[in-house]
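The exercises below are meant to be worked with the sequence and the three-dimensional view side by side. Each one sets a task and then goes through a solution step by step.

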Amino acid sequence: MGKKVGVFVCHCGTNISATVDVEKVAEEAKKKYPGVSYATTYKYMCSDPGQKLLRDKIKEEGLTGVVVAACSPKMHERTFRNAAVKTGLNPYQVEVSNIREQCSWVHQDKAVGTEKSIDLVRMMTEKTRKDTSLDAIKVPVTKRALVIGGGIAGIQAALDIADGGNEVILVEKDASIGGHMAQLSETFPTLDCSQCILTPRMVEVAQHENIKLYTWSQVESVGGYIGNFDVKIRKKARAVDLDLCTGCSSCWQVCPSKKIKSEFDTELGNRTAIYIPFPQAIPSKPVIDKEHCLLYRDARKKNIPPEDSKVCRKCYDVCPIAPVKAIDYAQEDEIVEVKVGAIVVATGYKELPNNVYGEYGKGKYQDVITGLQFERLASASGPTEGEIRRPSDGKEPEIIVFIQCVGSRDPAKGCSYCSKTCCMYTAKHAMLYKHKVHHGHAFVFYIDIRCAGKNYEEFSLRAIEEEGATYLRGRVSRIYKKGEKLIVLGADTLTGSQVEIEADMVVLASAMKAQDDAEVVARTLSIQYDKDRFFSELHPKLRPVESSNAGIFLAGACQGPKDIPETVAQASGAAAKVMALLSSDELEREPVVAKVDRLPPPVFSTCIGCFYCQRVCPYGAIEQEDIKARDGSVIKTVARVNEGLCQGCGLCAATCRSKSVELAGFSDEQVYAEINSVEFN
Amino acid sequence: MIEALRKKAEELLKNKTVSVVFGYGEGSTPERTRPVFITKPEEVNKLTWNKYCVYNLTTYLKRQETRKLGKPAIVVKGCDARTLIVLMKESQIKREDVYILGVSCDGVGDPLAEKCKACDVHTPRIYDDLIGEKGENKELPFDERYAELDEYENLSEKEKWEFWQKQFEKCIKCYACSNICPLCFCDRCIVEKNQPQWIDPSAHARGNLSWNVTRAYHLAGRCINCEECQRVCPVDIPLNLLNKKLAKEAEKNFNYRPGYNIDDELAMSTYNEKDNQDFVR
C-alpha cells in the first residue's frame with residue numbers, strides 16, 4: 001500500500017516503562033514491521049514537546065500513518081489526532097495502541113509486558129496500514145433544550161440554559177416541580193430552610209420567558225440524535241385546565257376524600273383527592289388523583305365515562321371559573337411533539353423504603369421512620385408543623401435513635417455503595433431534634449463518619465460536641481417493641497460492649513437508590529446505566545456530565561447519590577455543556593459510522609434484509625430502503641444506516657451474518673489484518 | 001387426504017389465487033418422493049402425500065428459479081410451518097405472499113425420522129387451509145424435546161471436541177447443508193466473502209472447523225431442526241446434533257422456540273430486560 005507508518009512509544013513516566021521495555025518495542029517496530037519507516041520513544045507523548053515531536057516527525061519523515069503506543073484511546077486519541085491535523089494529515093490515519101491500561105498496568109513481569117506490547121503495536125500497525133481518510137459529518141443544531149425532571153438539578157439546569165438565551169422545555173412527572181429538596185426541612189451545613197432557598201428558584205422557572213414547563217407529564221419517546229432530537233411528551237390528564245384554573249383553592253377545600261396519604265408528606269400526613277402537593281407548588285394548580293377520587297372510582301366501577309358519574313361533583317360545582325369551569329373530568333392525555341438539540345436528564349433518586357430490614361421491623365413499627373420522613377416531621381410546613389412527634393401517638397420522643405448506613409454499604413439487602421448524604425443529614429437530624437426537643441437525647445449508630453466537603457466535618461463535630469448527640473460506632477442488630485418503647489439492640493465496637501436503648505423513635509438513614517423506572521428512562525434515551533441502575537457518565541473523571549449518548553447530559557442523583565451543592569454544581573456543568581452545544585449552527589460528528597454495502601446490479605447489496613441490525617441497533621439508526629427498478633417495482637428491501645443517528649458502536653456489523661455492514665475505520669479488512677498479525681504459538 | 005390436497009391445489013390454480021403449488025410428488029421408487037412445482041390445474045394429480053414426504057419445501061422460497069414462478073401455495077407439515085414463521089419474522093416473505101397448505105402429519109420417514117420422535121406440531125400452527133384432521137398440539141416438556149442430546153451431553157469437553165474434529169475432518173465443503181437450508185438465505189454467504197477471506201474455502205481441518213461452527217452459529221436461535229442439512233450431507237456429519245444443541249441453549253436462555261409462536265420476538269436480536277444476565281460480571 002506504500003503507507004509510511006511512524007510508531008511513537010510513550011513511557012508515560014514510568015507507568016508504561018516500568019513494565020514494558022519501550023525501547024525494545026520501538027526497535028522491533030522499526031526493524032520487523034512492514035510499512036514502519038520511523039519509530040521512537042518519548043517520556044510523555046501527550047505533553048507539548050511530545051506532540052511537537054509527533055508533528056515534526058510526520059513532516060520530516062513524510063509519514064502517512066501514525067501509531068501512538070500509549071494509554072487508552074479514550075484518554076488521548078483526540079489529542080494525537082488533533083496534533084496530526086496541524087500537519088495536514090487526516091486525523092483518522094492516527095491510531096492509538098493501548099499498552100498501558102491493558103498491558104503495563106496489568107502485568108508485573110517486564111518480559112511479558114514487553115512481548116505483549118510488541119504484539120499490540122504490531123496489530124495496530126497492520127490496522128493503520130489499511131486506514132482510510134475520513135471526514136467529519138456535519139449536522140445542523142436545533143437551539144432548544146429538554147430538561148427531564150423538575151427537582152433542584154432540573155431547575156438549576158433549566159434556569160442556567162434559559163438565562164443563556166436558549167429555549168428550555170422542562171418536564172416533570174409530578175404535579176409540581178421541586179422534587180425531594182422541597183420536602184427537606186433545613187439543609188446542611190448551614191441549616192437554612194430548604195423551601196426558603198428553593199421556592200424562589202421554582203417561581204423563577206415558572207416566570208422565565210425561555211422556559212416552557214410541563215408538569216404531570218412524562219417523556220414518552222426520544223428519537224433523533226445530537227442536535228436534532230425528536231421528543232414526544234405525554235401530558236397526563238390532570239382533569240384541571242391549567243389555562244383556566246387560578247389556583248383559588250376552593251376545590252381542594254370541599255373535596256370529601258380527605259384521608260389520602262400524602263406522597264409529599266411521606267405518608268405521614270393526608271391530602272385530598274383533588275390536591276396540590278404542597279402550598280408553594282409550581283404550578284399552584286391542582287390535579288385529581290384518579291385512583292382515589294370518588295367520581296373516578298364510581299366511573300370505573302360502572303364502566304362509564306367519568307363525566308357521566310354523578311357520585312360527587314363538589315370540586316366542579318364549587319369552581320368559580322365561568323363560563324367554562326376549570327375542572328374537566330373528560331380531559332384526556334395529550335401528546336406534545338418537540339424538537340430539541342440537547343437533553344439534560346435530572347430524574348433524581350428514590351429513598352430505600354423502611355420495610356426492607358426484618359431486624360428493624362420490616363416497616364411494621366410506625367415509629368421506625370426513614371430520613372425523609374424525619375425531614376417532613378422537622379419541616380415547618382410538614383404534618384406536625386415542625387414539631388417532632390411520633391407518628392404512632394403524637395408524643396414527643398425523649399430518646400431517639402438514628403441508624404446510619406441503612407441499605408447503603410450493605411450489598412446483601414440494599415446497595416454496595418455509600419449514599420454519601422446520610423452522615424451529614426443524620427448529624428443535621430440530631431441537631432434539629434436537639435433544637436426542638438431540648439430535654440431529649442439522640443443516639444447515632446454509625447459505621448464510619450464520612451463528612452468530606454466544605455464545612456462538613458465541622459458541622460458533624462458540632463452535632464457531637466455542642467448538641468450532645470451520642471455517637472456509637474456499631475450496627476444495630478435488632479429493634480423490637482416493648483410497651484410503648486422501641487428496644488434497640490446494638491453493638492458499640494469501640495468499647496466492645498452490647499448496647500440496649502429504650503427509644504421512643506428510630507430514624508433510619510436510608511440509602512439513596514435509583515428510581516424504580518430508571519431502566520425504562522435509560523432505554524427511552526438510549527443511555528447506559530450501572531449495576532445500581534444509576535445512569536453512567538461517559539468518563540468517571542473527565543466527562544462526568546455526559547451520558548453515553550451524545551447530546552444527552554446528566555445532572556443530580558440520577559447519576560449517583562449526591563447532596564444539594566454537588567447536584568447544583570453538576571446541573572450547572574450540564575447546562576454549560578448544553579449551551580456550548582447550542583452555540584453553534586452546525587455540529588461536527590465523528591465519521592466512525594456503519595455502512596451497509598451497495599453493489600452494482602443485479603446484486604445491489606449483499607444485504608438480504610433480515611433486519612437483525614435494525615433490531616439490535618440501540619440508537620434506531622438502521623432504516624429500511626427499497627431498491628426499485630425503473631418501473632417503480634421493489635427489487636429488494638435492504639438496510640441503510642442513518643449517519644446522523646449512528647454512534648459507531650458496531651453492533652450491526654457484528655450481528656450481520658453475511659458481513660454486509662462495515663464500520664468506517666474498523667473495516668473487516670482492518671480487523672482481519674490485526675488478527676492475522678498476531679503470532680500464534 | 002391426497003384427493004383433498006389435489007382438489008384444493010386445482011382450485012387455487014384455477015381461480016388464480018396462486019401461480020404455483022410447491023408440493024410433494026412421487027419419486028423413482030415407492031419409498032421416495034420428490035418436490036414438484038405445479039403451475040397448471042390439470043397437473044395437480046402429480047401431487048401426493050405419504051410418510052416419505054420428509055423434505056422441508058420452504059427452502060424453495062429462497063431460490064431464484066422457484067421464486068420466478070410467482071405467488072406460491074406451499075405444502076407444509078407442522079415442522080415446516082415453523083420455518084415459514086421464522087422467514088416472516090426475518091422479513092424474507094410476507095404472509096400475504098404465500099398460501100399455506102398445512103398438512104396434518106403423524107411423522108415421516110421409514111424408519112421414523114429423528115425429528116418426528118418428539119414432535120409437538122402434528123398440525124401446523126399457521127396455515128390458510130388444513131388438509132387432514134386437526135389434531136391436538138400439546139407442547140411437550142423441554143427435556144423430552146431435547147432427549148436426543150442426552151448421550152452427547154454426557155461426553156466430556158475433550159470427548160466432544162474430539163468427536164467434532166473427527167466429524168468435520170470428513171467435510172468436503174460441498175455446501176449442500178447451506179443450499180438445502182431454508183434459513184440460509186443470504187445472497188452472499190460469509191464463506192463467499194473474500195475481502196477478507198474470513199473462512200478458508202479449502203476442505204482443510206481449519207477451514208472446515210470455521211465453516212461448520214459458523215454455519216451452526218448463524219442458525220442458533222433460528223433453526224427449527226428440520227434435519228435437512230443432516231439428510232443431505234454426503235459424508236454423514238450429524239449436523240443436526242449441533243443445531244439441536246444450540247436450539248436447546250437458545251430456548252434455555254431466552255425461553256424461545258423459533259417459529260413456534262408467531263408473536264414471539266426473535267431471541268437473537270431482541271433485547272429483553274428479563275433476559276438472563278448472570279453472565280455479566
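Two strands are taken to pair if DSSP finds at least two bridges between them. The model used throughout is a predicted one.

**Exercise 1. Work out the strand order, the edges and the pairing of the open sheet of five strands in chain A.**

Solution. Start with the order, which in chain A reads E20-E27-E21-E22-E23, with parallel pairing. Next come the edges: strand E20 (368-370) and strand E23 (470-473) of chain A are the edge strands, and each of them pairs on one side only. Then consider the twist, for which neighbouring strands of this sheet are turned by 25° against each other on average, direction ignored. To check one pair in detail, take E21(A) and E27(A), which run parallel and are joined by five bridges; here A:Val406 stands opposite A:Ser510 in E27(A).

**Exercise 2. Examine helix H12 (residues 422-436) of chain A, asking whether its span agrees with its number of residues and which elements its buried residues pack against.**

Solution. Begin with the length: at 1.5 Å a residue, the 15 residues of H12(A) should span 21 Å, and the end C-alpha atoms are 20 Å apart, which agrees. Turn then to burial, where a residue counts as buried if 20 or more other C-beta atoms lie within 10 Å of its own. By this criterion H12(A) is mostly covered, with 12 of its 15 residues buried, and among the buried residues are A:Cys422, A:Met424, A:His429 and A:Tyr433. The third step is to find the partners of the buried residues, which pack against strand E8 (186-187), helix H11 (371-378), strand E21 (399-406), strand E22 (441-446), helix H13 (456-465) and strand E27 (505-510) of chain A. Finally, place the helix on the sheet of the previous exercise: H12(A) lies across E21, E22 and E27 of chain A, and runs at about 170° to E21(A).

**Exercise 3. Describe the open sheet of three strands in chain A, and explain what is left without a neighbour at its edges.**

Solution. The order is E24-E25-E26 (chain A), and the pairing is antiparallel. Strand E24 (476-482) and strand E26 (497-503) of chain A each have a single partner strand, so one side of each is left without a neighbour in the sheet. On average, and with direction ignored, neighbouring strands here are turned by 20° against each other. Now follow the two pairings one after the other. E24(A) and E25(A) pair over six bridges in the antiparallel sense, and A:Ile479 has A:Val488 in E25(A) as its bridge partner; the hairpin of these strands has two residues between them, and A:Gly483 takes a positive phi near 65° there. Strand E25 (residues 485-492) of chain A is joined to E26(A) by seven bridges, with A:Leu486 standing opposite A:Ala503 in E26(A).

**Exercise 4. Locate the two assigned domains of chain B and characterise the side of domain 1 that touches domain 2.**

Solution. The domain assignment gives domain 1 (2-131) and domain 2 (142-269) of chain B, and their C-alpha centres lie 24 Å apart. The contact takes 20 residues from domain 1 of chain B and 21 residues from domain 2 of chain B. On the domain 1 side, the elements giving two or more residues are helix H3 (78-89) and helix H4 (114-117) of chain B, and H3(B) gives the most, with seven residues. By class, this side of domain 1 of chain B has nine nonpolar, five polar and six charged residues.

**Exercise 5. Determine what helix H11 (residues 239-254) of chain B packs against, and whether B:Glu96 is buried or exposed.**

Solution. H11(B) has 16 residues and reaches 23 Å from its first C-alpha to its last, close to the 22 Å expected at 1.5 Å a residue. Its buried residues, including B:Leu239, B:Leu242 and B:Ala247, pack against helix H8 (176-180), helix H9 (205-219) and helix H10 (228-232) of chain B. Just after H11(B), B:Asn255 takes a positive phi of about 50°. B:Glu96, for its part, sits in the loop between H3 and strand E5 (99-103) of chain B, and counts as exposed, with 7 C-beta neighbours inside 10 Å.

Methods: Residues numbered from 1 in each chain as written. Chains lettered and ligands numbered in written order. Predicted model: local features only at pLDDT ≥ 70, side-chain atom pairs only at ≥ 80, totals over all residues. Helix = DSSP H or I, 4+ residues; strand = E, 2+ residues; numbered from the N terminus. Expected span 1.5 Å × (residues − 1). Contact = placed C-beta atoms within 7 Å. Domains from an automatic or database assignment. Nonpolar A, V, L, I, M, F, W, Y, C, P; charged D, E, K, R; others polar. Axes fitted to C-alpha atoms, helices over the stretch in contact; angles between N-to-C directions.
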